[in-house]
Amino acid sequence: MGMSVTIQAADERDVEEILKLQYLCYQSEAELYGDYGIEPLTQSLDDLRAELARGHALVARLGDEVIASVRGELDETGTARIAKLIVHPRMRRHGLGGRLLDAIERRFAEDAASAAKRFQLFTGHRSDGNLRLYRKKGYAAVGTEQVGPRLTVVTLEKAA
């Protein structure tokens with residue numbers, strides 16, 4: 001009998017697992033853009049703790065193992081900025097990223113204190129799988145920014 005994946009709010013006990021998973025998941029992005037100094041690969045445990053304290057964070061578990069995560073913060077304009085949607089490489093292409101994205105959007109929508117007006121996220125211009133998922137979930141490109149010789153960041157948004 002197989003185990004099912006559960007999605008729940010992340011807490012302090014998850015911080016180290018999230019950081020390890022983040023490091024694993026962003027290897028492919030670093031390789032794609034030829035840059036191993038990207039922030040997800042250099043983020044410290046303390047920085048991650050501070051980031052989680054400022055917003056919402058979710059983890060997906062298979063049994064006791066954290067296999068995916070997403071987090072986001074609400075800014076003063078009512079924009080919920082969703083970040084670092086990560087799925088363990090062996091668990092990709094099974095709809096887990098989409099489930100997590102839906103769950104973090106619901107979390108912001110249900111939080112009376114947040115009152116998100118829109119959702120925003122970003123990814124690299126060569127990250128075809130990410131772009132495909134975000135467009136499928138109703139996000140549209142609203143801007144691009146060249147941040148390095150090999151990387152253009154695409155910002156995507158949708159109404160809450």
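**Figure 1. Strands β6 and β7 form a hairpin in this predicted model.** Five residues lie between the two strands of the hairpin. Strand β6 covers residues 140-146 and runs antiparallel to β7, to which it is joined by six bridges. One position to look for is T144, whose bridge partner in β7 is V154.

**Figure 2. Strand β7 also pairs with strand β5.** Strand β5 spans residues 118-124, strand β7 spans residues 152-159, and the two run antiparallel. Seven bridges hold this pairing. G124 has V153 of β7 standing opposite. In a regular strand, side chains point by turns to one face of the sheet and then to the other.

**Figure 3. The side chains of Q120 and E157 are joined by a polar contact.** Q120 belongs to strand β5. The contact between the side chains of Q120 and E157 is 2.7 Å. Is Q120 buried or exposed? Its relative accessibility is 13%, so Q120 counts as buried.

**Figure 4. K84 forms a salt bridge with E39.** The N to O distance between the two side chains is 2.9 Å. K84 is part of strand β4 and E39 is part of helix α3, so this pair ties together parts of the chain that are 45 residues apart in sequence. K84 counts as buried because its relative accessibility is 12%, whereas E39, at 39%, counts as partly exposed.

**Figure 5. K84 also forms a salt bridge with E51.** Here the N to O distance is 3.7 Å. E51 sits in helix α4, residues 45-54, and K84 in strand β4, so the salt bridge ties together parts that are 33 residues apart in sequence. E51 has a relative accessibility of 12% and therefore counts as buried. Which residues make up the network of salt bridges that includes K84? The network links E39, E51, R71 and K84.

**Figure 6. E65 and R90 meet in a salt bridge.** The closest N and O atoms of this pair are 2.6 Å apart. E65 lies in strand β3 and R90 in the loop between β4 and α5, and the pair links distant parts of the chain, 25 residues apart. E65 is partly exposed, with a relative accessible area of 31%. R90 is partly exposed as well, with a relative accessible area of 44%. In total, the structure holds twelve salt bridges.

**Figure 7. The largest pocket has a volume of about 1,400 Å³.** Empty space of this kind shows up when a probe the size of a water molecule is rolled over the atoms. How many residues line the largest pocket? The lining is made by 49 residues. E29, L85, T123, N130 and Y134 are the lining residues that lie nearest the centre of the pocket.

**Figure 8. Helices and strands both contribute to the lining of the largest pocket.** Among the helices that each supply at least two lining residues are α2 (27-33), α3 (39-42), α5 (96-110) and α6 (128-136). The strands that do so include β3 (65-74), β4 (79-87), β5 and β7. By residue type, the lining divides into 21 nonpolar, 13 polar and 15 charged residues.

Definitions and conventions:
Residues are numbered from 1 along each chain as its sequence is written. This is a predicted model: local features need pLDDT of at least 70, side-chain atom pairs count only at pLDDT 80 or more; totals for chains, interfaces and linings use all residues. Side-chain values use heavy atoms; hydrogens and water are left out. Two strands pair if DSSP finds at least two bridges between them. Helices (H or I, at least four residues) and strands (E, at least two) are DSSP runs, numbered from the N terminus. On a 1 Å grid over the protein atoms alone, a cavity is a set of points where a 1.4 Å probe fits but cannot get out, and a pocket is an open set with protein on both sides within 12 Å along at least five of seven lines; lining residues have an atom within 4 Å of a point. Grid points are joined across faces, edges and corners, and a volume is the space filled by probe spheres set on the points. Ala, Val, Leu, Ile, Met, Phe, Trp, Tyr, Cys and Pro count as nonpolar, Asp, Glu, Lys and Arg as charged, and the others, Gly among them, as polar. A salt bridge is a side-chain nitrogen of Lys or Arg within 4 Å of a carboxyl oxygen of Asp or Glu. Buried means under 20% relative accessible area, exposed over 50%, partly exposed in between (1.4 Å probe, protein chains only). A polar contact is a pair of N or O atoms within 3.5 Å; within protein, one must be able to donate a hydrogen and the other to accept it, and residues adjacent in sequence count only if both atoms are side-chain atoms.
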